Amino acid sequence: MITVSDVIKNSSLSAFPVVCGCAGLENEVIKTGIIDYEFSIEGFFENNKPFGYGDFLVASLMFTNGDESELLKMVEQLIDLKVSGLAIKNIFFKKMPQSIIDLCNNKDFPIVLFDNSLYFEEIITEIDNIIQVSDWIKKIESKIELLYLNDLERGEVGLISKEMRISPLKYSVAFCLSPHIPLSSIDMTYIINSYNNHSYRDEKSFLYKYREFFLIILISNRDLKSEFEKSFFDILNLTGIKISNYTVGTSSIHNPVINLDFCIKEAIWSHKVAKILSEERKNYSDLGTWSIIISNQQSKHINQYMKNYLNPITHNPSDSSKELIKTAIAYIKCEGNPKLTADNLFIHENTVRYRMNKLREKLDPNANDFVFYENLSLAIKIHLLNDDFNS
């Protein structure tokens, strides 16, 4: 959703004050327009209602000729129609009358007052561009959603790849990135738009948004990891994205025409595992058993296995059970290393060994060390990949 705050912050209006209605800065903006003749013709506004929900409007207020009562009447009508906000050129009103300020503050209707240094056309063009770019990004995001959440036929994947304007070269790699400190949708949109309009943008490199992630897709006729890696960092440099501030998941190399969905899924899955393991970056080729589990994480059978196996401790509210599940998670994250587990939990190594023995007694009393670790590892990884648990 684009808000009044977004259009102000990302346009020339950012240099001017919001004089009232600041609580409405999160009002949604769907389109923009200019108030021109609508209030100068008797009865025109009442009969035609040319504005409505989601409009952010620009006005000179020429029809008021400085009459406060005319301005008040207009603002009341715009508020009734759920217009999002207003930008006024300070020709007839150098400051807003107190009656307008009180009304707008009460109704959460933001007004920006700007001067002669800005032209109406400039403001409208800037806001229209923000809206159009956002609409395009949403459209691409819906395509990515289809590829990620569904098992599509290869022909369907090829069609979506074409709709995303990805050239039909032989090889592709996807990168999924999320910032450690979340960005707003409009900030992500600004970064993507800046990259798409950059004079040094590589036509074989694509930057998209998907939910809270950036998704980078690189294509080539050469199956060279080093070249993909260089192109990846070229995008980061052009956009100002600092990799140290992001968690990154990387896919294997695939054909972008028929296997773009594999690229996207592997990048997002790798990113998810990297987040779980608190690692800065994870390649799909290095996921090991995580790759098998995550690709089947929606299976009711695999989730039922996890629930049955861990039930003795996950459905026990005692503090000792909470300690056991916490230790089990750390132990699997540390790949069965008691010392690393102890360091991560700030406890003694002997405490880790004691708790792991307790876990075996409760979960898998007849298993040897190897079988117990493998069974526990599988259950904990499913547990960690469960979205409800992560949330």
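User: Which residue caps the N-terminal end of α15, and through which atoms?
Analyst: This is a predicted model, so local features are read only where pLDDT is at least 70. The cap on α15 is N368. One of its side-chain oxygens lies 3.1 Å from the backbone nitrogen of F370.

User: What span should α15 have, and how far apart are its end C-alpha atoms?
Analyst: Start from the rise of 1.5 Å a residue. Helix α15 covers residues 369-385, which makes 17 residues and an expected span of 24 Å. The end C-alpha atoms are 24 Å apart, so the two values agree.

User: Which residues of α15 are buried?
Analyst: Read burial from relative accessible area; the cut-off for buried is under 20%. In α15 the buried set is F372, L376, S377, A379, I380, K381, I382, H383, L384 and L385. Note that K381 and H383 are in that set.

User: How do I treat α12 in the same way? What span is expected there?
Analyst: Apply the rise of 1.5 Å a residue to its 15 residues, and the expected span is 21 Å. The end C-alpha atoms of α12 are 21 Å apart, in agreement. Its buried residues are S321, L324, I325, T327, A328, I329, A330, Y331 and I332. Just after α12, E335 takes a positive phi of about 55°.

User: How much space lies in the second largest pocket, and how many residues line it?
Analyst: Take volume, then lining. The volume is about 380 Å³. The lining has 18 residues, and L277, I329, I332, K333 and C334 lie nearest the centre. Two elements give two or more residues each to that lining: α12 (319-333) and α15. Helix α12 gives the most, with five residues.

User: What is the chemical make-up of that lining?
Analyst: Sort the lining residues by class. For the second largest pocket there are eight nonpolar, three polar and seven charged residues.

User: Next, salt bridges. How many are there?
Analyst: The general idea comes first. Side chains of opposite charge can pair when their charged atoms come close. The cut-off here is a side-chain nitrogen of Lys or Arg within 4 Å of a carboxyl oxygen of Asp or Glu. By this rule the model has 17 salt bridges.

User: Which residue pairs with K209, and at what distance?
Analyst: The partner is E141, with the closest N and O atoms 3.1 Å apart. K209 sits in strand β7 (residues 205-210) and E141 in helix α5 (residues 120-149), so the bridge ties together parts 68 residues apart in sequence.

User: Are K209 and E141 buried or exposed?
Analyst: K209 is buried, at a relative accessible area of 9%. E141 is buried too, at 16%.

User: What about D202 and K204: how far apart are the N and O atoms, and how accessible are the residues?
Analyst: Their side chains meet in a salt bridge at 3.9 Å, N to O. D202 is partly exposed at 30% relative accessibility. K204 is partly exposed at 37%.

User: Where do E361 and K358 lie?
Analyst: Both are in helix α14 (residues 349-363), three residues apart, about one turn of the helix. Their side chains form a salt bridge at 3.9 Å, N to O. E361 is exposed, with a relative accessible area of 53%. K358 is partly exposed, at 30%.

User: Now backbone angles. What phi does L61 have, and where does L61 lie?
Analyst: Check the sign of phi, then the residue type. L61 has a positive phi of about 65° and is not a glycine. It lies in the loop between β3 (55-59) and α3 (68-80). L61 counts as buried, at 2% relative accessibility.

User: And N65: what is its phi, and is N65 buried or exposed?
Analyst: N65 is not a glycine either, and its phi is positive, about 50°. N65 also lies in the loop between β3 and α3. N65 counts as exposed, at 65% relative accessibility.

User: Last, a contact across the sequence. How far apart are the C-alpha atoms of S178 and F213?
Analyst: Compare separation along the chain with separation in space. S178 and F213 are 35 residues apart along the chain, and their C-alpha atoms are separated by 4.8 Å. S178 belongs to strand β6 (residues 171-179). S178 is buried, at 4% relative accessibility.

Terms used: Residues are numbered from 1 along each chain as its sequence is written. This is a predicted model: local features need pLDDT of at least 70, side-chain atom pairs count only at pLDDT 80 or more; totals for chains, interfaces and linings use all residues. Side-chain values use heavy atoms; hydrogens and water are left out. Helices (H or I, at least four residues) and strands (E, at least two) are DSSP runs, numbered from the N terminus. The expected span of a helix is 1.5 Å times one less than its number of residues. Buried means under 20% relative accessible area, exposed over 50%, partly exposed in between (1.4 Å probe, protein chains only). A polar contact is a pair of N or O atoms within 3.5 Å; within protein, one must be able to donate a hydrogen and the other to accept it, and residues adjacent in sequence count only if both atoms are side-chain atoms. On a 1 Å grid over the protein atoms alone, a cavity is a set of points where a 1.4 Å probe fits but cannot get out, and a pocket is an open set with protein on both sides within 12 Å along at least five of seven lines; lining residues have an atom within 4 Å of a point. Grid points are joined across faces, edges and corners, and a volume is the space filled by probe spheres set on the points. Ala, Val, Leu, Ile, Met, Phe, Trp, Tyr, Cys and Pro count as nonpolar, Asp, Glu, Lys and Arg as charged, and the others, Gly among them, as polar.
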